[in-house]
Amino acid sequence: MVRKIGILTSGGDAPGMNAAIRSVTRVALNNGIEVYGIYDGYKGLQENRMIKMQRSSVSEILARGGTMLGSARLPEFKETEIQEQCVENLKKTGIDALVVIGGDGSYRGALALTRLGINCIGLPGTIDNDIPGTDFTIGFDTAMHTCVECVDKLRDTSSSHHRCSIVEVMGNHCGDLALYTAVCCGAEMVITPETGYDELEVLEKLRYLDEAVHKTHAIVIVSEKTTDVQSLAKKISLNTGFSGRATVLGHIQRGGSPTPADRMLASRMGEKAVDLLIEGKGGQCVGIIENQISSMPIEEALERPRISRKKLYRLFDRLM
Ligand code: ADP
Ligand code: F6P
């Protein structure tokens, strides 16, 4: 029977992580399980930095972005020796299970700890929406809201000056944040790892929008790591009737108060994580699939292909 659990946030932070910490803590405490918050992900675990959580420890955090526990990256955690040291630290405090909120890298760490005897449950926390085994990750909806708000503002000024705004959004190697933003903002083009990048095609389309469609502005949403947006903006100014301006939204996308959708998702997923631990399960990750909270082995999730967004790309094209 599980008596003491730990909780940590790992990798890039995401709005809604606090809501997940709150949910896990409150649901566990209400089931008579003690909870320890571990600071700064696996780094804090290695350094044995943790705090016993009370009901009040998670008061006033539901609406706050970031993570009250802090997050970090610890590349050395891939080494078995470091993992064993972490297991030792958990055992010293009597912690028998762990909830890990993070991305697929953090999931791999959770799997390693489970194999060493500590039941771990992974919750998908990242703005990138790039974790297999779930339709949506905690933080994606908030980041999308931020992107949409920013692009709506850029549209105003672009229209006034006959400009083309190239907007770089995050997503790591996943185009979801760019695609969803593009659909919601009525962008003229979207460039993601899934669409690929063809510079001549982009310039030709912009010339067409200017000369044939007489658009007052154009918005191009670009996934980070796809192309250099500053250089694309210069080429647009030189080769089309639009004046190009690049905006990199950057880490602003990671902050802010989580949307109700993210608070709800995090609360539901946190509850599921505790229920799985009570059932004695480990090495599982929680997801939401067709609006149902579910779970699957982490190994299985990591092997799954990412959800195809073909239909949404098609919709984007049909809205042109
Ligand atoms: P994310 O969890 O958002 O994907 P990272 O890929 O940076 O972020 O992973 C977060 C942390 O998870 C890493 O700093 C490392 O401590 C741990 N981690 C990543 N990959 C592995 C792995 N293969 N085995 C064990 N731990 C890992
Ligand atoms: O995984 C979240 C994320 O914000 C990615 O979208 C981005 O590529 C990366 O983290 C940025 O990492 P850092 O915070 O280390 O700059």
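This briefing walks through the pockets, the cavity and the aromatic pairs of the structure above. Please keep in mind that the model is predicted. The largest pocket holds about 850 Å³ of space, and it lies between domain 1 and domain 2 because both give residues to its lining. The second largest pocket has a volume of about 260 Å³. There is also 1 cavity of 30 Å³ or more, and there are 4 aromatic pairs.

**The largest pocket**

- A good place to begin is the volume of the largest pocket, which comes to about 850 Å³.
- Its lining is made up of 36 residues, and Gly11, Arg73, Asp104, Gly105 and Ser106 are the ones that lie nearest the centre.
- Which helix gives the most to this lining? Helix H4, spanning residues 104–115, does so with 6 residues.
- Sorted by class, the lining of the largest pocket has 15 polar, 11 charged and 10 nonpolar residues.
- Domain 1 covers 4–139 + 258–305 and domain 2 covers 141–255; both contribute to the lining, so the largest pocket lies between them.

**The second largest pocket**

- This pocket has a volume of about 260 Å³, and 14 residues line it.
- Nearest the centre of the second largest pocket you will find Met189, Val190, Ile191, Thr195 and Glu201.
- Three elements each supply at least two residues of its lining: strand S7 (189–191), helix H7 (199–211) and helix H11 (310–318).
- By class, the lining of the second largest pocket divides into 7 nonpolar, 5 charged and 2 polar residues.

**Threonine 192, in the loop between S7 and H7**

- Threonine 192 sits in the loop that runs between S7 and H7.
- Is threonine 192 buried or exposed? With a relative accessibility of 0%, threonine 192 counts as buried.
- Setting aside neighbours within four places in sequence, threonine 192 is in contact with Gly175, Ala178, Ser223, Thr226 and Tyr313.

**The largest cavity**

- The largest cavity has a volume of about 40 Å³.
- Its lining consists of Asn129, Ile131, Thr134, Asp135, Asp176, Arg306, Ile307 and Arg309.
- By class, that lining has 4 charged, 2 polar and 2 nonpolar residues.

**Aromatic pairs**

- The count of aromatic pairs comes to 4. One of them joins phenylalanine 136 and tyrosine 180: their ring centres are 6.1 Å apart and their planes stand at 85 degrees, over the 60 that marks a pair as edge-to-face, so this pair is edge-to-face.
- This pair links distant parts of the chain, 44 residues apart: phenylalanine 136 is in the loop between strand S5 (119–124) and helix H5 (140–161), while tyrosine 180 is in helix H6 (residues 176–185).
- The two partners can be described by their accessibility: phenylalanine 136 counts as partly exposed at 31% relative accessibility, whereas tyrosine 180 is buried, with a relative accessible area of 15%.
- Another pair is formed by phenylalanine 140 and tyrosine 180, with ring centres 5.1 Å apart and planes at 90 degrees, so this pair is edge-to-face.
- Phenylalanine 140 lies in helix H5 and tyrosine 180 in helix H6, so their pair ties together parts that are 40 residues apart in sequence.
- Both phenylalanine 140 and tyrosine 180 are buried.
- Taken together, Phe136, Phe140 and Tyr180 are linked by ring pairs into a cluster.

Key
Residues are numbered from 1 along each chain as its sequence is written. Chains are lettered from A and ligands numbered from 1 in the order in which they are written. This is a predicted model: local features need pLDDT of at least 70, side-chain atom pairs count only at pLDDT 80 or more; totals for chains, interfaces and linings use all residues. Side-chain values use heavy atoms; hydrogens and water are left out. On a 1 Å grid over the protein atoms alone, a cavity is a set of points where a 1.4 Å probe fits but cannot get out, and a pocket is an open set with protein on both sides within 12 Å along at least five of seven lines; lining residues have an atom within 4 Å of a point. Grid points are joined across faces, edges and corners, and a volume is the space filled by probe spheres set on the points. Ala, Val, Leu, Ile, Met, Phe, Trp, Tyr, Cys and Pro count as nonpolar, Asp, Glu, Lys and Arg as charged, and the others, Gly among them, as polar. Rings of Phe, Tyr and Trp (its six-membered ring) pair if their centres lie within 6.5 Å; planes under 30 degrees apart count as stacked, over 60 as edge-to-face and the rest as tilted. Helices (H or I, at least four residues) and strands (E, at least two) are DSSP runs, numbered from the N terminus. Buried means under 20% relative accessible area, exposed over 50%, partly exposed in between (1.4 Å probe, protein chains only). Domain bounds come from an automatic or database domain assignment. Contact means heavy atoms within 4.5 Å.
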